[in-house]
Protein chains: 6
Amino acid sequence: MSDNALSPRTRERLLTISSATLTTVLFKHGLRNTFLQGLRPLGARHRMVGPAYTLRYIPSREDLDPLNVFEDRRHPQRVAIEECPAGHVMVIDSRGDAQAASAGNLLVTRLMKRGAAGIVTDGGFRDSPDIGALDFPAWHQRPAAPTNLIRHHAADVQLPIGCGGVPVYPGDVMVADSEGVVCVPRHLADTVAREAYEQTVYEDWVGERIVAGEGLFGLYPATDPVQRQAFADWKQAQQARYPLLGPG
Amino acid sequence: MSDNALSPRTRERLLTISSATLTTVLFKHGLRNTFLQGLRPLGARHRMVGPAYTLRYIPSREDLDPLNVFEDRRHPQRVAIEECPAGHVMVIDSRGDAQAASAGNLLVTRLMKRGAAGIVTDGGFRDSPDIGALDFPAWHQRPAAPTNLIRHHAADVQLPIGCGGVPVYPGDVMVADSEGVVCVPRHLADTVAREAYEQTVYEDWVGERIVAGEGLFGLYPATDPVQRQAFADWKQAQQARYPLLGPG
Amino acid sequence: MSDNALSPRTRERLLTISSATLTTVLFKHGLRNTFLQGLRPLGARHRMVGPAYTLRYIPSREDLDPLNVFEDRRHPQRVAIEECPAGHVMVIDSRGDAQAASAGNLLVTRLMKRGAAGIVTDGGFRDSPDIGALDFPAWHQRPAAPTNLIRHHAADVQLPIGCGGVPVYPGDVMVADSEGVVCVPRHLADTVAREAYEQTVYEDWVGERIVAGEGLFGLYPATDPVQRQAFADWKQAQQARYPLLGPG
Amino acid sequence: MSDNALSPRTRERLLTISSATLTTVLFKHGLRNTFLQGLRPLGARHRMVGPAYTLRYIPSREDLDPLNVFEDRRHPQRVAIEECPAGHVMVIDSRGDAQAASAGNLLVTRLMKRGAAGIVTDGGFRDSPDIGALDFPAWHQRPAAPTNLIRHHAADVQLPIGCGGVPVYPGDVMVADSEGVVCVPRHLADTVAREAYEQTVYEDWVGERIVAGEGLFGLYPATDPVQRQAFADWKQAQQARYPLLGPG
Amino acid sequence: MSDNALSPRTRERLLTISSATLTTVLFKHGLRNTFLQGLRPLGARHRMVGPAYTLRYIPSREDLDPLNVFEDRRHPQRVAIEECPAGHVMVIDSRGDAQAASAGNLLVTRLMKRGAAGIVTDGGFRDSPDIGALDFPAWHQRPAAPTNLIRHHAADVQLPIGCGGVPVYPGDVMVADSEGVVCVPRHLADTVAREAYEQTVYEDWVGERIVAGEGLFGLYPATDPVQRQAFADWKQAQQARYPLLGPG
Amino acid sequence: MSDNALSPRTRERLLTISSATLTTVLFKHGLRNTFLQGLRPLGARHRMVGPAYTLRYIPSREDLDPLNVFEDRRHPQRVAIEECPAGHVMVIDSRGDAQAASAGNLLVTRLMKRGAAGIVTDGGFRDSPDIGALDFPAWHQRPAAPTNLIRHHAADVQLPIGCGGVPVYPGDVMVADSEGVVCVPRHLADTVAREAYEQTVYEDWVGERIVAGEGLFGLYPATDPVQRQAFADWKQAQQARYPLLGPG
């Protein structure tokens, strides 16, 4: 898993960047479909950064998915919970189906205890009030009390999947803020984190100018050379506030 | 309505059981479709237990559904509000249509005053902020300001209906927690309440073990005889905490 | 824009009327489709009254919608933000598509600074947590981090549009409370505001009676002459509480 | 059922009128929602006129809906097939759910043999190729092979229902052509048939004028007095072609 | 692949059985979800029997899915077409997305030339008129002209998938008639084929009785001993017509 | 409108090219969203080429859209029918709403008589069987008998619109075959027609090779130099069959 390891600098940067800014920078790299559609957080903790560990569900079948399947230690859902590396985000392809649960509180708690960075499904969690009370980022579509097996069969782990309409490859970097979850392709993580951090600094400045009463033209985007100079000066003055600026 | 009366013990048990656990126990009894899909609570009070009193809507028709229909005391919506027995949950089949209201604050307040246990629609309520401020469990799909008659015609009361994709028969036991609403078939209510209470005790113990750092294998499910013994001992020690354990 | 100016009395009245009551009065005038379907507020400030200023999006096209379009000061989205008159509500026809943003925090902040009364889209906003923190009413379908251009091309401003399934003409009066957003046709605004205010007074009284334990029959609607007289007396006594009652 | 009997003249007229013209005339009577949405015919025979006989489905439940329910002669689906009067159209409220069948070939054949005028569901039929081969009008949403009980429980007959989003009361007149199915409220059937027949004659004439090269203005609608006179003359000359013109 | 080989008798039986009857027999074995929802045939040839060969798509990503990916002989879509064994049915999990093609005419023709038994996707095919003109069963949701890579990335072959909401395991037996496609779990194929063949014989007899004017009660289901005897006699007399009756 | 005139050569080429091939060539030019989603033809005539003439609908409003609006010669729907230039394709933005008609047989016949090349809506047509019988390409989502005004208000003509999820600008070239409708941006029409014609020739050759039994590898795409030479030779020999090959 070492190749999935995020550099500390990239992780720190990503923890300060909004999902909106991230999608803009990914769009500059030609990627239009990186925001997991239709998901919401369960609790108050939303910030999340970590490589994806994937779990794939297909529709369940009555003869293959009775309640006692969980007695088998090789059951992919249980394997996933016990093997997902620390610092990783478990991402579940539930085919957008929230009619039964993707997982419940006991499993999510265990995942948290094992050091995972968060959990995401495009279906729903059961025990969602309990999960929402954990200090652990969790994202789903809507609450889903019915037990997993009524709709889902855990097929395998660590294969490329779709989640929320977005392709997610094991090791891609999942990033969330209060707005939602973005999937950053692994090979772009360092670059995108650096560029998005720069963009965040610029937008902070634009925000200040707008609050001060300035208009958009020439400012956002900064087509006016005077504004560009003003930004350069401001950025120089604010260096201490942005310790993660710069290359690398 | 006496045949709809819940035993106090069953009611007490159901008030402590999560909708998730309830669906699992119902699944063990062969029922897969008992969780009303896509509903959310309006206010802070979510816990609800009571027999279903049903109201059925069909699409409205301009000549049959002018505003003055409510002057007729036999109008099924008004009859329902005035006749729903105390302790019961009004369940409205709105065909999943939240484009106009299933009911509004005045009617819901009246229902509360009459002692009902809650109200559920798979459409939407109007005056939803006011309803959310009542000390009364109410569940819907989303807010729906437009007046009822624009989309709905109240057809009849106390017939079997569908709500949130689930069959609901008058007298079935509606149970809700913060996650959502479950429909328990009347004849299963006592059995399911007892089994689900047992299951809750077990999951409380599993939760403690997981928080203490144990893994899932052998614990959840308890395939390991050592774990089973540990649970038996713990349960013995916790008797005071679970006064509703046992038969009956 | 003077013809769009709301009379102070109408504005004051509309600020006290619920979206539910408004749709009922509009229904009495023959209008069934005035509530924007499926929208929710971003922050804690929901009350909003103002004439509509419209912005229309069509699907974007890669060659026409690169990131540098915003350098053009004639870009309709930027024109809209800088030209929407004070006191107006910007209403965006996003074709119900929340896969990419209708606008983000910087633009919405600028709109607020320019004195607009609110912003509504049937798509989604990006930077939604920041927008939710502004003291500015904003309504959308769900958060949408991806940048606007991935799905939307701003086509023009101040044309009739659809938003949330409702026709919105420039100058129509947009009114919101915590429940949602209603579009009042401009020519009906004064009449509807007056009638809805009267209706609100009546429903306040009904609410008090219901809380006091009365039943619906004869009261709501007030078919009972005794009740009608009781209301007339109460209204007389409450005059100070309802300064906006009366003609004009 | 005699009160449901259509006059021969109304029936004859309705057999020549398009569903489009019918909805226009119903709209003139203030009814906007009379076309069953999203249905298609199974075979080559589409023309259908007859009073509605209704059957209502709710979601099925495993313990109430095993395969042997059909051994009970009181099962509402079987009762419906054996009791639907000759000349009537069976209309099934399947809640728009085509995941399992509303009925199959054997039942539909029996219904045809009993003299019914057609069958409509907003779900799907199984054995749809066989049903399509019958000389019997049948309308559904799409083919649905799975047996009825997997999703549907037949609850009752001859109650008001919704079908394709339209209210259908027992005795309402169902009319179909190749385009779709319209529900005409019983009390309007004679009037609407007469007016729609008149409208059909007028549109036949407009069609001839358009084919002859004339433009729409003044012709459709006939705002031009010269055109109105031309139509009056043409209608006079075509009397033999329209034997059902006139009052009554 | 020999373990996937269907016995000739099972294949022959399945070629005569309707998808409706098949789902009923599968329901008797406890399986409720075996009919692929929402698919339609492209051409006039619908009958199809063969073991499933699966292909899985996930959402595409611009940097991984340029047009030149097809130059790579290991591309899973091309591998699938060249490796799917003769007699097998290719089943594609397109996540129900028909916005871009699952495959086109050239690939489907190649698959046909290689001896496959058919092709199924829950997305759409491009060149659908050409595919419809082939003598080859092909099923999809709707035509989809845009090239595959715009929405789909071929991830892998011969894994369990979902298609049309149904679980499909490699080797499961796909069966289609004019109505739709059923997935028969491999281990049940022989049993189900035999039972469904028996059921077909019975329903043929019922159909004859109904056409002859008999009612449903006692006949369907055959609760009447006289009817059961009549069927036994008829079946005896019809032996030559049903050469595949009997055990094995 | 002269700037909208298609060169005869481009028109001839486009008449021979499939919608599938066209979308591939447009994808090579960076355009991913050019196929109008979810439309089907009404009759047997599908081939259509012509510049777009656009008509835009918004939701209707009861007070603005009574039946007599059509008496006004400036009504945009009627203006559109009478002004759409010969050879053009009318494209209607109906917001994907087929609950009421986009237009009916009389208007479509008039449009045909005036020399238009076809008509497209992402809603539905009424009198669809009659329109299907015309010798005129017409595309919609599904039949829609209810009169236009029940859901649609014709807002304006010749503005950029969305149709079937695709941006359509007046003058863009609409091209259809049996599969569906593609929108080619005006400035790309000549280039795309030429390239797609070349691509068609190549795919014809591939098709012949596949029918002759060859495999995909090296052939499609033609990575094998031997295959490339074979194609060059074949193309040389087939010159008479492809009179539209070459530049210009």
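**Figure 1. Approach of chain D to the rotation axis in the predicted model.** Among the residues of chain D, Arg142(D) comes closest to the rotation axis, with its C-alpha atom at 7.6 Å. The model shown here and in the following views is predicted. A turn of 120° combined with a shift of 0.0 Å along the axis lays chain D on chain F, and the RMSD is 0.0 Å. This is the relation of a three-fold axis. For the complex, the predictor gives an ipTM of 0.96 and a pTM of 0.97.

**Figure 2. The contact between chain D and chain F.** Chain D contributes 27 residues to this contact, and chain F contributes 23 residues. On the side of chain D that touches chain F, the elements giving two or more residues are α2 (19-28) and α6 (189-211) of chain D. The most is given by α2(D), with 6 residues. Sorted by class, the residues on this side of chain D comprise 11 nonpolar, 12 polar and 4 charged.

**Figure 3. Helix α2 of chain F and its surroundings.** Helix α2 of chain F spans residues 19-28, and 8 of its 10 residues are buried, so the helix is largely enclosed by the rest of the structure. The buried residues are Ser19(F), Ala20(F), Thr21(F), Leu22(F), Thr23(F), Thr24(F), Val25(F) and Leu26(F). Their cover includes two strands of chain F, β11 (173-176) and β12 (181-184), together with helix α6 (189-211) of chain F. Just after α2(F), Gly30(F) adopts a positive phi of about 90°.

**Figure 4. Asp130 in helix α5 of chain F.** Asp130(F) belongs to helix α5 of chain F, which covers residues 128-133. Is Asp130(F) buried or exposed? Asp130(F) has 21 other C-beta atoms within 10 Å and is therefore buried, the criterion being 20 or more such atoms. Asp130(F) and Leu42(F) are 88 residues apart along the chain, yet a distance of 9.2 Å separates their C-alpha atoms.

**Figure 5. The buried side of helix α3 in chain D.** Helix α3 of chain D comprises residues 76-83, and its buried residues include Gln77(D), Arg78(D), Ala80(D) and Ile81(D). These four residues lie on the same side of α3(D), because they cover an arc of only 155° around the axis. Which elements help to cover the buried residues of α3(D)? Among them are the strands β2 (48-59), β3 (89-93) and β8 (152-157) of chain D, as well as helix α4 (105-113) of chain D.

**Figure 6. The contact between chain B and chain A.** In this view, 27 residues of chain B meet 23 residues of chain A. At least two residues each are supplied to the side of chain B that touches chain A by α2 (19-28) and α6 (189-211) of chain B. The largest share of that side, 6 residues, is provided by α2(B). The class composition of the side of chain B that touches chain A is 11 nonpolar, 12 polar and 4 charged residues.

**Figure 7. Chain B relative to other chains.** Chain B superposes on chain A with an RMSD of 0.0 Å after a rotation of 120° and 0.0 Å of shift along its axis. Arg142(B) is the residue of chain B that comes closest to the rotation axis, at 7.5 Å for its C-alpha atom. Chain B makes no contact with chain E, and the closest C-alpha atoms of these two chains lie 11 Å apart. Chain B does not touch chain F either, the nearest C-alpha atoms being 13 Å apart.

**Figure 8. The environment of Val181 in chain B.** Val181(B) is placed in strand β12 of chain B, which runs over residues 181-184. With 30 other C-beta atoms within 10 Å, Val181(B) is buried. Leaving aside residues up to four places away in sequence, Val181(B) touches Leu36(B), Leu39(B), Val120(B), Trp139(B), Met174(B) and Ala176(B). Gly164(B) lies 17 residues from Val181(B) in sequence, and their C-alpha atoms are 9.4 Å apart.

**Figure 9. The two assigned domains of chain A.** The domain assignment divides chain A into domain 1 (35-184) and domain 2 (191-241). Between the C-alpha centres of domain 1 and domain 2 of chain A, the distance is 38 Å. Chain A has a mean pLDDT of 96, with 98% of its residues reaching 70 or more.

Definitions and conventions:
Residues numbered from 1 in each chain as written. Chains lettered and ligands numbered in written order. Predicted model: local features only at pLDDT ≥ 70, side-chain atom pairs only at ≥ 80, totals over all residues. Buried ≥ 20, exposed ≤ 12 C-beta atoms within 10 Å, placed from the backbone. Contact = placed C-beta atoms within 7 Å. Nonpolar A, V, L, I, M, F, W, Y, C, P; charged D, E, K, R; others polar. Least-squares fit on C-alpha atoms with pLDDT ≥ 70 in both. Domains from an automatic or database assignment. pLDDT = per-residue confidence, 0-100. Arc of directions from axis to C-beta.
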